[in-house]
Amino acid sequence: MGRLILLNKPYGVLCQFSDERTGPPRPTLADYVDQPGVYPAGRLDLDSEGLLLLTDDGRLQARIADPRFKMPKTYLVQVEGDPDDAPLAALRRGVQLKDGMTLPAEVERIDDPALWPRDPPVRFRKSVPDCWLRLIIREGRNRQVRRMTAAVGLPTLRLVRWRIGDWTIDDIAPGTWREAPAILRQGR
């Protein structure tokens, strides 16, 4: 097995080592990980935060990123609204998106998690309630969690990937990383 790095990717950082866009440069993984030969196993959008796995092992990278292996990914999601059981039940059944039906998600309402402040902060509106969900999916379509919550009337305000399989960002500060054993186990 090769190397495996667990990075807590900050908001606004590209999930690649260079920015090919013209215009002002955006932060990239190169600003946070100075380890040659490692590449992301999967993606995390510019406006999402949390766990990103990087490895130098192509087989491990494919195993983590390939939806055929259905590795569970746990997200902490701040949504706009105060959901009753109906939208959560819809997420648990699977949601129809433009690219097809999603697999059923595990979802529960949770207390506000003890997270680091986001920069920039999520816009607060006194007249619009929000809440936090723990959402576990076993596939990884483009912007899937955001599209799923929007489809059930709960737009995502903040999205933090907390866990992939057995790997977590627990005790890893934003913008920092640690090396982990690259042992693949199924689980949560």
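The secondary structure of the protein chain, in this predicted model, consists of three helices and eleven strands. From the N terminus onward, the elements follow the order β-β-β-α-β-α-β-β-β-β-α-β-β-β. The radius of gyration is 17 Å, close to the 16 Å that the globule rule gives for 188 residues, so the chain is as compact as a globular protein of that length. Along the principal axes, the C-alpha atoms fill a box of roughly 45 × 35 × 35 Å.

The contacts and the surface can be described for the chain as a whole. Of the contacts between residues at least 6 apart in sequence, 71% join residues at least 24 apart. Buried residues account for 44% of the 188 residues. The chain exposes about 9900 Å², and carbon and sulfur atoms supply 51% of that area. As for charge, there are 30 positive and 26 negative charges, and the mean positions of the two sets lie 4 Å apart.

Two cysteines can be placed by their accessibility. Cys15 has a relative accessibility of 4% and Cys131 a relative accessible area of 3%. Both values fall under the 20% cut-off, so Cys15 and Cys131 count as buried. A disulfide is a covalent bond between the sulfur atoms of two cysteines. A search of the whole structure finds zero disulfides.

The loop between β7 and β8 holds Pro120. A cis peptide bond joins Asp119 and Pro120, with omega at about 0 degrees. Ser127 is also placed in the loop between β7 (106-110) and β8 (130-137). With a relative accessible area of 68%, over the 50% cut-off, Ser127 is exposed. Between Ser127 and Met148 the separation is 21 residues in sequence and 24 Å in space, C-alpha to C-alpha.

Backbone torsions pick out two further loop positions. Arg143 is not a glycine, yet its phi is positive, at about 50 degrees. Arg143 sits in the loop between β8 and α3 (144-151). Its relative accessibility is 32%, which lies between the 20% and 50% cut-offs, so Arg143 counts as partly exposed. Asp171, likewise a residue other than glycine, has a positive phi near 70 degrees. Asp171 is found in the loop between β10 (167-168) and β11 (177-179). The relative accessible area of Asp171 is 76%, so this residue is exposed.

Note on methods: Residues numbered from 1 in each chain as written. Predicted model: local features only at pLDDT ≥ 70, side-chain atom pairs only at ≥ 80, totals over all residues. Heavy atoms only, no water. Disulfide = S-S within 2.5 Å. Buried < 20%, exposed > 50% of the residue type's maximum accessible area, 1.4 Å probe, protein only. Helix = DSSP H or I, 4+ residues; strand = E, 2+ residues; numbered from the N terminus. Rg over C-alpha atoms; globule rule 2.2 N^0.38 Å. Contact = heavy atoms within 4.5 Å. Areas by Shrake-Rupley, 256 points an atom, 1.4 Å probe, with all protein chains shown as cover. Lys, Arg positive; Asp, Glu negative; His and termini not counted. Charge placed at Lys NZ, Arg CZ, Asp CG, Glu CD.
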